[in-house]
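User: I should like to go through the terms applied to this model and see how each is justified. Please begin with the rule for burial.

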Amino acid sequence: MELIIGQLRYFGTSLLYGIGIMFLYDFLEVFRHFVRHGKILLLLEDWLFWLASSVAVFQMVFALNYGIIRSFFVISLVCGMIAYRKLVSRHFVRLLCAVISWIFRPYVWIRNKFVKKKASGEKKC
């Protein structure tokens, strides 16, 4: 019975890891929304993110199941990722973008005032 409970814990933890990985990836997407950059930097960011994620997943597999990868683990991890992506991700990214835009609204307003004055000052010369 204890073996079954351990495997259920392994299943549940892998499901939560899938959700957590996609949750953290949403922060990367929000960062990309506000800070535009080229394809090479996108590739590097993705590569580093998935490398860090794979290290975290490996540590979890090693800690909970002595490094043995089971098929239900992979299925659970992928199902957690897909469920989060389909059900939550779009709404969370929209909300986070709206909150960040609201927080930085005074900064953008002030910056636009100075840019417009500077641009209009350059036209007079």
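Analyst: A residue is called buried when its relative accessible area is under 20%, exposed when over 50%, and partly exposed in between. The model is predicted.

User: Why is R32 called buried?

Analyst: R32 has a relative accessibility of 15%. The cut-off for burial is under 20%, so R32 counts as buried.

User: What makes R32 and E45 a salt bridge?

Analyst: The rule asks for a side-chain nitrogen of Lys or Arg within 4 Å of a carboxyl oxygen of Asp or Glu. The side chains of R32 and E45 meet at 2.9 Å, N to O, and the pair therefore qualifies. R32 belongs to helix α1 and E45 to helix α2, so the bridge ties together parts 13 residues apart in sequence. E45 is likewise buried, at 15% relative accessibility.

User: Why are D26, E29 and R85 described as one network?

Analyst: Salt bridges that share partners join these residues. R85 pairs with D26 at 3.3 Å, N to O; R85 lies in helix α3 and D26 in helix α1, so parts 59 residues apart in sequence are tied together. R85 also pairs with E29, with the closest N and O atoms 2.6 Å apart.

User: Which of D26 and R85 is buried, and which is partly exposed?

Analyst: D26 is buried, with a relative accessible area of 0%. R85, at 32%, is partly exposed, because this value falls between the 20% and 50% limits.

User: How do you know that N65 is buried?

Analyst: N65 has 5% relative accessibility and therefore counts as buried. Beyond its neighbours within four places in sequence, N65 contacts Q7, Y10 and R70.

Definitions and conventions
Residues numbered from 1 in each chain as written. Predicted model: local features only at pLDDT ≥ 70, side-chain atom pairs only at ≥ 80, totals over all residues. Heavy atoms only, no water. Buried < 20%, exposed > 50% of the residue type's maximum accessible area, 1.4 Å probe, protein only. Contact = heavy atoms within 4.5 Å. Helix = DSSP H or I, 4+ residues; strand = E, 2+ residues; numbered from the N terminus.
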